[in-house]
Amino acid sequence: MGGPDQDLDPTPLRELAEDTGGRCEILKGLEHDHGPSDRLKEAVESIAVTLRHRYLVGYEPQAPSGKSGWRKIKVEVDRPSVTIQARKGYYTEG
């Protein structure tokens with residue numbers, strides 16, 4: 001018999017994290033680990049490193065377009081070793 005999280009589909013959580021510029025770590029089977037969990041420790045440390053090495057970028061559109069809807073956001077950097085985590089866009093009321 002499987003545990004209560006066996007049927008958990010992580011796809012919606014991953015999609016939400018990707019759309020909003022976030023990140024998720026899915027760790028299954030931790031209840032079967034005995035003693036300190038290396039997988040949990042690694043996930044927490046990875047998230048901590050990400051939080052220590054992040055930048056906040058903001059902008060304000062020059063003028064409202066008058067149209068409501070989805071606006072795409074694209075963030076680019078000129079460093080090949082950098083991984084970008086950014087939301088894909090936002091909705092505006094015009």
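Q: Where in this predicted model is the place of Val-82?

A: In this model, which is predicted, Val-82 sits in the loop that runs between β1 (69-72) and β2 (89-92).

Q: Why is Val-82 called partly exposed?

A: The relative accessibility of Val-82 is 37%, and a residue counts as buried under 20% and as exposed over 50%, with partly exposed in between. The value of 37% falls between those two cut-offs, so Val-82 counts as partly exposed.

Q: What makes Val-82 eligible for a nonpolar surface patch, and which residues make the patch?

A: A patch takes residues with over 30% relative accessible area and no salt bridge, and nonpolar side chains are joined within 5 Å. Val-82, at 37%, passes the area cut-off, and together with Val-75, Val-77 and Ile-84 it makes a nonpolar surface patch of about 280 Å².

Q: How do you know that Asp-19 and Lys-88 meet in a salt bridge?

A: The rule asks for a side-chain nitrogen of Lys or Arg within 4 Å of a carboxyl oxygen of Asp or Glu. For Asp-19 and Lys-88 the N to O distance is 3.5 Å, which lies within the 4 Å limit, so the pair counts as a salt bridge. Asp-19 lies in helix α1 (residues 11-20) and Lys-88 in the loop between β1 and β2, so this pair ties together parts that are 69 residues apart in sequence. Side chains of opposite charge can pair when their charged atoms come close.

Q: Why are Asp-19 and Lys-88 called partly exposed?

A: Asp-19 has a relative accessible area of 39%, while Lys-88 has one of 38%. Partly exposed covers what lies between the buried cut-off of 20% and the exposed cut-off of 50%, and therefore each of these two residues is placed in that class.

Q: Which residues are linked with Asp-19 in a network of salt bridges?

A: The network links Glu-18, Asp-19 and Lys-88. Along the chain, Asp-19 and Arg-87 are 68 residues apart, yet their C-alpha atoms are separated by 5.3 Å.

Q: What makes Arg-23 and Glu-25 a salt bridge, and how exposed is each residue?

A: The closest N and O atoms of Arg-23 and Glu-25 are 2.6 Å apart, and because the limit is 4 Å, the pair meets the rule. Arg-23 is partly exposed, with a relative accessible area of 33%, and Glu-25 is also partly exposed, at 36%.

Q: How do you know that Lys-74 forms a salt bridge with Glu-76, and are the two residues buried or exposed?

A: The closest N and O atoms of Lys-74 and Glu-76 are 3.3 Å apart, and this distance is within the 4 Å that the rule allows. Both Lys-74 and Glu-76 are exposed. By this rule the count of salt bridges comes to four.

Q: What makes up the lining of the largest pocket?

A: The largest pocket, with about 1000 Å³ of space, is lined by 27 residues, and Arg-54, Tyr-55, Leu-56, Gln-85 and Ala-86 lie nearest its centre. The lining divides into 13 nonpolar, eight polar and six charged residues, and helix α2 (residues 38-52) gives the most to it, with three residues.

Q: In what order do the elements of the protein chain run?

A: The protein chain has two helices and two strands, which run α-α-β-β from the N terminus on.

How values were computed:
Residues are numbered from 1 along each chain as its sequence is written. This is a predicted model: local features need pLDDT of at least 70, side-chain atom pairs count only at pLDDT 80 or more; totals for chains, interfaces and linings use all residues. Side-chain values use heavy atoms; hydrogens and water are left out. On a 1 Å grid over the protein atoms alone, a cavity is a set of points where a 1.4 Å probe fits but cannot get out, and a pocket is an open set with protein on both sides within 12 Å along at least five of seven lines; lining residues have an atom within 4 Å of a point. Grid points are joined across faces, edges and corners, and a volume is the space filled by probe spheres set on the points. Helices (H or I, at least four residues) and strands (E, at least two) are DSSP runs, numbered from the N terminus. Ala, Val, Leu, Ile, Met, Phe, Trp, Tyr, Cys and Pro count as nonpolar, Asp, Glu, Lys and Arg as charged, and the others, Gly among them, as polar. Patches are made of residues with over 30% relative accessible area and no salt bridge: like charges are joined within 9 Å, nonpolar side chains (Val, Leu, Ile, Met, Phe, Trp, Tyr) within 5 Å. Accessible areas come from the Shrake-Rupley method with a 1.4 Å probe; for residues, only the protein chains shown count as cover. Buried means under 20% relative accessible area, exposed over 50%, partly exposed in between (1.4 Å probe, protein chains only).
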